[in-house]
Amino acid sequence: MKITVVGAGAMGSLFGALLSESGISVRLYDIWAEHVKAINENGLGIELDGKTRSVNVKATTDKKTIGKADLAIIFVKSTRTGDAARVASELVSSTGFVLTLQNGMGNADIIAEVIDPGRIIAGTTSHGATMLEPGLIRHAGIGPTLIGMWSGDEKAAAQSIADVFNKAGIATETMDDIRSVVWKKLIINVGINAITALTAIKNGQILDLSSTRALVHAAVEEAMEVARTHGIKIPDDMVEHVFQVAEATGANRSSMGQDVDNKRQTEIGAINGAVVKEAQKLGLNVPVNQTLTTLLETLQAHYS
Ligand code: NAD
């Protein structure tokens with residue numbers, strides 16, 4: 001199987017390197033020339049538990065040098081999914097598949113504007129990675145990856161990708177109801193990301209005040225109502241689950257918080273903003289998510 005990663009930042013580099021180490025032919029494609037140069041000159045450095053190893057994997061900024069792949073994995077931030085999907089559509093073979101493990105809601109639908117929905121696999125991953133410098137990432141967390149067909153029933157394709165991932169040490173399961181999986185991850189991000197990003201706190205600190213917990217509760221319940229009105233199965237104890245995740249990742253700054261700290265555009269539009277968009281389609285009111293989205297958009301529009 002030939003795999004191309006479109007968007008080889010922290011997560012794309014990690015997945016590309018793990019697959020390459022297992023013997024798969026992998027090409028990393030990214031528009032960040034300095035990072036690509038560092039990978040090609042020194043290998044991709046992966047720091048894990050204080051030790052750094054170097055992985056030999058090919059990277060490029062020139063998509064014309066990449067042949068057709070059986071699988072394109074999109075790992076750009078959700079603000080760039082449209083561009084990445086167009087690149088993936090050029091780089092994947094006519095029988096190939098496109099996989100998104102990005103956070104947020106709407107990525108698969110954006111990809112479906114240029115790729116046959118029956119060739120799109122979506123999912124979530126609990127691996128975590130941080131970009132330390134060009135050519136060097138930290139493998140910050142290890143956990144399950146869940147994937148499934150976004151549309152259609154080519155389950156064998158999702159299974160063969162899961163098999164390749166498992167062989168590479170990326171523990172992966174296939175799921176029939178992948179929309180529910182993506183929504184559940186979205187709802188966790190809805191409860192934690194914007195609130196921590198706006199207030200400069202760590203994940204665990206959303207538990208400290210009853211007023212902050214009430215805000216998380218309200219944002220999560222709005223998202224649950226939107227999901228359920230869409231016919232998505234969401235467990236009743238989702239608020240409790242969000243609090244458990246906040247506790248388990250208590251010392252971490254959320255990815256949206258890190259984006260704000262570094263004055264980068266955030267994925268707000270695909271997280272709380274996606275709840276607002278979906279609610280509008282359904283005629284529902286989601287004032288808490290609307291407010292969090294507007295505050296975050298205002299903050300990032302006025303970075304100094
Ligand atoms: P990142 O910013 O480290 O990497 C994104 C990469 O995409 C960058 O290197 C950027 O140069 C590249 N890029 C931007 N536009 C491009 C284009 N048009 N073509 C090719 N490359 C392009 O982001 P990340 O942390 O790796 O996150 C990627 C996605 O995975 C996000 O949706 C994020 O929410 C999700 N995710 C991240 C983690 C994590 O721990 N970092 C965990 C789970 C899910």
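Student: Why are helix 10 and helix 11 called oblique to each other?

Tutor: In this predicted model, the axes of helix 10 (residues 272-282) and helix 11 (residues 287-301) cross at roughly 135° and come within 8 Å. Angles over 145 count as roughly antiparallel and 65 to 115 as roughly perpendicular, with oblique for what remains outside the parallel range. The angle of roughly 135° falls in neither of those two classes, so helix 10 and helix 11 are oblique. Their crossing is left-handed.

Student: Which residues of helix 10 and helix 11 meet?

Tutor: Helix 10 brings Asn-272, Gly-273, Val-275, Val-276 and Gln-280, and helix 11 brings Asn-289, Gln-290, Leu-292 and Thr-293. By class, three residues of this contact are nonpolar, six are polar and none is charged.

Student: What makes helix 6 roughly antiparallel to helix 7?

Tutor: Helix 6 (residues 178-199) and helix 7 (residues 210-229) pack at an angle of about 150°, and their axes are 9 Å apart. The cut-off for roughly antiparallel is an angle over 145, so helix 6 is roughly antiparallel to helix 7. The crossing of helix 6 and helix 7 is right-handed.

Student: How do the residues in the contact of helix 6 with helix 7 divide by class, and which are they?

Tutor: There are twelve nonpolar residues, two polar and no charged ones. Helix 6 contributes Trp-183, Ile-187, Val-190, Gly-191 and Ile-195. From helix 7 come residues including Thr-212, Leu-215, Val-216 and Met-224. Gly counts as polar, so Gly-191 of helix 6 belongs to the polar class.

Student: Why is helix 6 called oblique to helix 10?

Tutor: The axes of helix 6 and helix 10 cross at roughly 120° and come within 9 Å. Roughly perpendicular covers 65 to 115 and roughly antiparallel starts over 145, so helix 6 is oblique to helix 10.

Student: What makes one residue in the contact of helix 6 with helix 10 charged?

Tutor: In that contact, Trp-183, Leu-186, Val-190 and Ala-194 of helix 6 meet Asn-272, Val-275 and Glu-278 of helix 10. Glu counts as charged, so Glu-278 is the charged residue; the others divide into five nonpolar and one polar.

Student: How do you know that Glu-267 makes a polar contact with the ligand?

Tutor: A polar side-chain atom of Glu-267 lies 2.6 Å from an oxygen atom of the ligand. The cut-off is N or O atoms within 3.5 Å, so the pair qualifies. A polar backbone atom of Met-11 is 2.8 Å from a ligand oxygen atom.

Terms used. Residues numbered from 1 in each chain as written. Predicted model: local features only at pLDDT ≥ 70, side-chain atom pairs only at ≥ 80, totals over all residues. Heavy atoms only, no water. Axes fitted to C-alpha atoms, helices over the stretch in contact; angles between N-to-C directions. Helix = DSSP H or I, 4+ residues; strand = E, 2+ residues; numbered from the N terminus. Parallel < 35°, antiparallel > 145°, perpendicular 65-115°, else oblique. Left-handed = near helix turned anticlockwise from the far one by under 90°. Contact = heavy atoms within 4.5 Å. Polar contact = N/O pair within 3.5 Å; in protein donor to acceptor, adjacent residues only side chain to side chain.
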